[in-house]
Amino acid sequence: MKTPSPTWSPSTALTSSSTAVGTTTLMPLFWSPSPGPTTPPPFYLRNVYHFKFLLKRALTWVAPTVDAVLLSHSDTLHLGALPYAMKKLGLSAPVFATEPVYRLGLLTMYDHYLSRKQVSEFDLFTLDDIDSAFQNITRLTYSQNYHISGKGEGIVIAPHVAGHLLGGTVWKITKDGEDVIYAVDFNHRKERHLNGTVLESFVRPAVLITDAYNALNNQPSRRQRDQEFLDAIMKTLRADGNVLLPVDTAGRVLELILILEQFWEQHKLAYPIFFLTYVSSSTIDYVKSFLEWMSDSIAKSFEHTRDNAFLLRHVKLLINKSDLESVPDGPKVVLASMGSLEAGFSHDIFVEWVSDTKNLILFSERGQFGTLARMLQADPPPKAVKVTMSKRVPLVGEELAAYEEEQNRIKKEEALKASLIKEEESKASLRTELPVNDQMVLDANNTHSSSNAIGQRSEAFRDVLIDGFLPPSTSVAPMFPFYDCSSEWDDFGEVINPDDYVTKDVNIDQMLMPVDGELAGKLDEGSVSLILDTTPSKVVSTELTVQVKCSLIYMDFEGRSDGRSIKSILAHVAPLKLVLVHGSAEATEHLKQHCLQHVCPHVYAPQIEETIDVTSDLCAYKVQLSEKLMSNVLFKKLGEYEIAWVDAEVGKTQNGMLSLLPLSSPAPPHKTVLVGDIKMADFKQFLASKGVQVEFAGGALRCGEYVTLRKVGDASQKGGSAAIQQIILEGPLTEEYYKIREYLYSQFYAP
């Protein structure tokens, strides 16, 4: 019987599961704004075994059906839509991420929200929505197996090192012994602050989902790239120019900061460097505490010298553009968010510096389709661009009066709505709490026969009320307030709660950052002032045309493996089925054809809203081992394991589940099976300890004078069939031959 396998679609990732048989499906999803007509969005819906994992963002029709969300990286490309999906689209599933992705992702969303809010009436979500979304995140460490319960019973997820961003994740999803690997935006190179990915440690997973984003790109060596980067910056500074690097909030910018910090320290340079975002100091504060997530060199350096690589001496942290404007004139380097140049500090600085031929705008990542950064990276670059300058100004005069009037109207409507709701609730509680046979309750249905009596009795009841009690307008009988003030007592008197007598200081940072209370005190003062600023304001925009006279350079610091490395890694992993996503049509087709020839025969590149079936050909069933069967099984120890022959026939339990039962007839004889493996180097040492003269010659092990031992077959064999290795013992049938054969058999277990 063939086991159905998972289905998958680009743009969001989901997974589902069933008990005996599972299916896996994939479907590309579309989201707006799109990264571009030639680069599909990297969001996919993964349905594995009837349990849905969202690896990134989903569409309106997808979000309510998602069972779990897996976040891979801390940038907006991977988690930017999370607050919106939870607020607007009905996404309510648990979210999983590593600690750095959780922390730095939250700061990234804060920075982007504040950047957008300063130049537009941004209303897709609020800071409260961001906090609410991130409160649902369950944080995992690398290689930690998390067993999903409930609907996903039997599914295990585990994050592994991706190497792209700090805390970046390759997700491993396991069910019934089959692995589904989700690995987009990974980097095999070891960098200053990150180790390379561990993707190559996975061998022959059932399904591998990866991207073709860099399939056509080849990168120079890291040393060459870094030297060209520093040379371009120093050339501009020595010519009395300024350097602007549009960067992300808390992702690849960390590598750039370390490069500059180490170079400035090594050469004792005095040119100022500024890192300018709304959350710059918070970002560095958190990064300082994530050393165990970084490269081995950083961790070892801190372990031996207590030197924190992100204890910055040359890079100054700024949270407001006014701080930058107060710096004396002179050449400087500024790393400012956002990388797209669409908003944020980088946009304003670009407009000011772009017309000076001495300045340099250095892009470290490719701009997304339709952004100003992408336009400037064109070849050749434009000579002039239109930009929109926006700023938020307080309301005054008639606009302020109109705003206040509108706010008062809204408050009155909300108060009226609240009172109506409260009135309805009081009516409902009155009907449920008072017994029907209570003499003080009037029959509301008996309105025709005793309407006058009701009025008289109601008025009479109201007159009876003691002065000071105000009955609700909806009551039809006298009502007296009653409060149950019962207290607990022990041998020493009334039991009190000490917290009721403690004066609690209001911490404004805790109010601003309620996520687990762990982010309290970590938000920049400038950001706090922006959040607390409730002054009525509006956005004023003007369009400008600026001449592009400065130098424009793009250098690849995206932290992704290039095409050659991707092909090598995929050949090593050798998945049974491969799904390619997130790449231009040309790059995806190129990688698909290569993989069909050199990796595996089943390669898929689904289009938007196309569902593909990547179900495994393996059959997996859950069965019970009956007590009667297990009582007759003899286990023998093999290293850390115990093994045994099991001869049984399949039956069913009373509840219909499959069960293994003892054979009704005698078991057939078993053939000899050698269990285990042998390493030639270890066996060489073993023979030497037994006094046998042994040496390696021509890839074989020569034992004594005439006997030769060699392995035949490739353990890393690819394809649909399993790899098989044979051990061949050659030589004349002498006493020495049989002696060595006995030694060889002793290295295995024959059940």
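The following conversation takes a newcomer through a predicted model and the terms used to describe it.

Tutor: This is a predicted model, in which local features need pLDDT of at least 70 and side-chain atom pairs count only at pLDDT 80 or more, while totals for chains, interfaces and linings use all residues. Residues are numbered from 1 along each chain as its sequence is written, and side-chain values use heavy atoms, with hydrogens and water left out.

Student: What makes a run of residues a helix or a strand, and how many of each does the protein have?

Tutor: Both are DSSP runs numbered from the N terminus, a helix being H or I over at least four residues and a strand being E over at least two. Counted in that way, the protein has 20 helices and 34 strands.

Student: Why is cysteine 703 called buried or exposed?

Tutor: The terms rest on relative accessible area, found with a 1.4 Å probe on protein chains only: buried means under 20%, exposed over 50%, and partly exposed in between. Cysteine 703 has a value of 0%, so it is buried, and cysteine 550, with 8%, is therefore buried as well. Of the 751 residues in the protein, 44% are buried.

Student: How do you know how many disulfides the structure holds?

Tutor: A disulfide is a pair of cysteine sulfur atoms within 2.5 Å, and under that rule the structure holds zero.

Student: Why is histidine 112 called buried, and what does it touch?

Tutor: Its relative accessible area is 18%, so histidine 112 counts as buried, and its place is in helix H3, residues 99–119. Contact means heavy atoms within 4.5 Å, and, leaving aside neighbours within four places in sequence, histidine 112 is in contact with Thr76, Thr249 and Met338.

Student: What makes glutamine 547 buried, exposed or partly exposed?

Tutor: The relative accessibility of glutamine 547 is 40%, so it counts as partly exposed. Glutamine 547 belongs to strand S21, residues 537–547, and its C-alpha atom is separated by 7.0 Å from that of valine 354, although the two are 193 residues apart along the chain. Not counting residues up to four places away in sequence, glutamine 547 touches Val354, Ser355, Lys383 and Ala384.

Student: And why is proline 666 called buried or exposed?

Tutor: Proline 666 has a relative accessible area of 76%, so it is exposed, and it lies in the loop between S30 and helix H19 (680–689).

Student: How do you know which strands pair in the sheet that contains S10?

Tutor: Two strands pair if DSSP finds at least two bridges between them. Strand S9 (residues 155–161) and S10 have seven bridges in the antiparallel sense, with valine 156 partnered by threonine 174 in S10. S10 is also joined by five antiparallel bridges to strand S11, residues 178–183, where glutamate 178 is the bridge partner of lysine 175. S10 and S11 form a hairpin with two residues between them, and aspartate 176 in the turn has a positive phi of about 55°.

Student: Why is strand S10 described as largely enclosed?

Tutor: Six of the seven residues of strand S10 (residues 169–175) are buried, so the strand is largely enclosed by the rest of the structure.

Student: What makes the pairing of the seven-stranded sheet mixed, and why are S8 and S24 at its edges?

Tutor: The open sheet has the order S8-S9-S10-S11-S12-S23-S24 with mixed pairing. Strand S8 (146–147) and strand S24 (603–604) each have a single partner strand, so one side of each is left without a neighbour in the sheet. As for the pairing, S9 and S10 are antiparallel, whereas S12 (residues 207–211) and S23 (residues 577–581) pair in the parallel sense over five bridges.

Student: How do you know how many cavities there are?

Tutor: On a 1 Å grid over the protein atoms alone, a cavity is a set of points where a 1.4 Å probe fits but cannot get out, and lining residues have an atom within 4 Å of a point. Grid points are joined across faces, edges and corners, and a volume is the space filled by probe spheres set on the points. By this rule there are five cavities of 30 Å³ or more, and the largest has a volume of about 60 Å³.

Student: Which residues line the largest cavity?

Tutor: Its lining consists of Asn187, Arg189, Glu191, Gln219, Arg225, Asp556, Glu558, Gly559 and Arg560.

How values were computed:
1 Å grid on protein atoms, 1.4 Å probe; cavity = no way out; pocket = protein on both sides within 12 Å on 5 of 7 lines; lining within 4 Å.
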